[in-house]
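Subject: The structure you asked about

Hi,

Here is the structure I promised to pass on. Have it open while you read, and then we can go through what turned up.

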Amino acid sequence: MKHESLEINSGLLILFTLIAISIGGLAEIIPLYYIDDTVEKVDGVRPYTPLELRGRDIYQREGCYTCHSQMIRPFRDEHLRYGHYSLAAESKYDHPFQWGSKRTGPDLARVGEKYSDAWHVAHLEAPRSVVPESIMPGYPWLLENELDYTSIEKRMRALRMTGVPYALTEEENQANVDKYGPEVAAKLDITRADDSLIEQAIARNYDGDPSRLTEMDALVAYLQMLGTLVDFSKYEQGHFAEFR
Ligand code: HEC
């Protein structure tokens, strides 16, 4: 039989194995050349501020992603519950992205500004104090732990290497000013990361305790920003008009 001759002839077997692998390889590699066209450019999307970035890292450290996804699928029920479906551009500065598929708790892609800061603090400290039927574990140490931000520059430098436009040079900073305006650009400047982190935490005092900078400040800053960058009012009319 033809197949047997393939299996007993190692030269042929290697040749056809290579062909099969290259087809698979091409299917994975070719789309990478078109990535710039595939990921729609969306106004408002920007990299995390230093405080939000620190919060995102705490989100990962605590394993929040084991129960929470951050990707709203384009289905009617998801749209009604969570809002506009997630766009690829919204996670383009997320390394690693937090899409996930495990939803023990609700999707968090658009949780930003849905609740007050005080609600998040109470909920993270003891979820059942605000949602009696909750099975989410408490994270009381976030309020006790001082926020260690000594590594913030290194964290931003690492992301810069993956293509996130955090600025190190004056040219990069100027490019950010042109793209995002001076206020946002100042927060993306690696050389001013410490000041910007402290400034943001003091300005809003996310954890409710103005005397301390805690891990809670960073995590709440991150949660409150999720899904708030893009103005979806113009998209709602288009993509989901048929549901209204
Ligand atoms: C064991 C699973 C589990 C883990 C781990 C977990 N959560 Fe939850 N989370 C839930 C469940 C279940 C709910 C829904 C009940 C409630 O609101 O407490 C929820 C609700 C929430 C909500 C409210 C969402 C909404 O739209 O009402 C937020 C915000 C949240 N979690 C954040 C976090 C963060 C941040 C972490 C990590 C520090 C985390 N969760 C870890 C299960 C989990």
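Before anything else, a word on the labels: a helix here is a DSSP run of at least four residues, and helices are numbered from the N terminus. That is how to read a phrase such as "the loop between H5 and H6", which is where Glu113 sits. Please also keep in mind that this is a predicted model.

**The iron site**

Start with the iron atom of the ligand. Which residues coordinate the iron atom? His68 does so through NE2 and Met136 through SD, at 2.0 to 2.1 Å. These two come from distant parts of the chain, 68 residues apart. His68 is in the loop between helix H4 (50-61) and helix H5 (76-82), while Met136 is in the loop between helix H6 (117-125) and helix H7 (141-144). Both residues are buried.

What about the geometry? The iron has 6 donor atoms, with angles of 89 to 179° among them, and the site is octahedral. For comparison, ideal angles for six octahedral donors are 90 or 180 degrees.

**Two cysteines and the disulfide count**

How many disulfides are there? The count comes to 0. As a reminder, a disulfide is a covalent bond between the sulfur atoms of two cysteines. If you want to look at cysteines anyway, try Cys64 and Cys67. Cys64 counts as buried because its relative accessibility is 12%, and the cut-off for buried is under 20%. Cys67 has a relative accessible area of 28%, so Cys67 is partly exposed.

**Pockets and a cavity**

Next, the empty spaces. The largest pocket has a volume of about 700 Å³. It is lined by 31 residues, and those closest to its centre are His68, Pro106, Leu108, His123 and Met136. You have met two of these already: His68 and Met136 also coordinate the iron. H5, H6 and helix H12 (215-225) are the elements that give two or more residues to this lining, and H6 gives the most, with 4 residues. Sorted by class, the lining of the largest pocket has 18 nonpolar, 8 polar and 5 charged residues.

The second largest pocket holds about 340 Å³ of space. Its lining includes Ile35, Asp36, Lys41, Tyr93 and Tyr180. Helix H3 (35-38) and helix H9 (170-180) each supply at least two of the lining residues. By class, this lining divides into 6 nonpolar, 1 polar and 5 charged residues.

There is also 1 cavity of 30 Å³ or more in the whole structure. About 270 Å³ of space lies in this cavity. Of the 21 residues that line it, Tyr48, Glu90, Ser91, Leu226 and Gly227 are the closest to its centre. The lining of the cavity is made up of 11 nonpolar, 6 polar and 4 charged residues.

**Backbone details**

Here is some background for this part: most residues other than glycine have a negative phi, and most peptide bonds are trans.

Where is the cis peptide bond? Look at the step from His95 to Pro96, with omega near -5°. Pro96 is in the loop between H5 and H6.

Glu113, back in the loop between H5 and H6, has a positive phi of about 65° although it is not a glycine. Glu113 has a relative accessible area of 47%, so it counts as partly exposed. Asn205 has a positive phi too, near 50°, and is likewise a residue other than glycine. You will find Asn205 in the loop between helix H11 (193-204) and H12. With 22% relative accessibility, Asn205 is partly exposed.

**Two distances to try yourself**

Finally, a bit of practice with the viewer. Ala175 lies in helix H9 and is partly exposed, since its relative accessible area is 42%. From the C-alpha atom of Ala175 to that of Lys41 is 17 Å, and the two are 134 residues apart along the chain.

Then pick Asp36, in helix H3. Is Asp36 buried or exposed? At 60% relative accessibility, Asp36 counts as exposed. The C-alpha atoms of Asp36 and Ala186 are separated by 26 Å, with the residues 150 apart along the chain.

Have fun with it!

Definitions and conventions. Residues numbered from 1 in each chain as written. Predicted model: local features only at pLDDT ≥ 70, side-chain atom pairs only at ≥ 80, totals over all residues. Heavy atoms only, no water. Donors = N, O, S within 2.8 Å, 3.2 Å for Na, K, Ca; no water. Tetrahedral: all angles 85-135°; square planar, octahedral: opposite > 155°, others 65-115°. Buried < 20%, exposed > 50% of the residue type's maximum accessible area, 1.4 Å probe, protein only. Disulfide = S-S within 2.5 Å. 1 Å grid on protein atoms, 1.4 Å probe; cavity = no way out; pocket = protein on both sides within 12 Å on 5 of 7 lines; lining within 4 Å. Points joined across faces, edges and corners; volume = space filled by probe spheres on them. Nonpolar A, V, L, I, M, F, W, Y, C, P; charged D, E, K, R; others polar.
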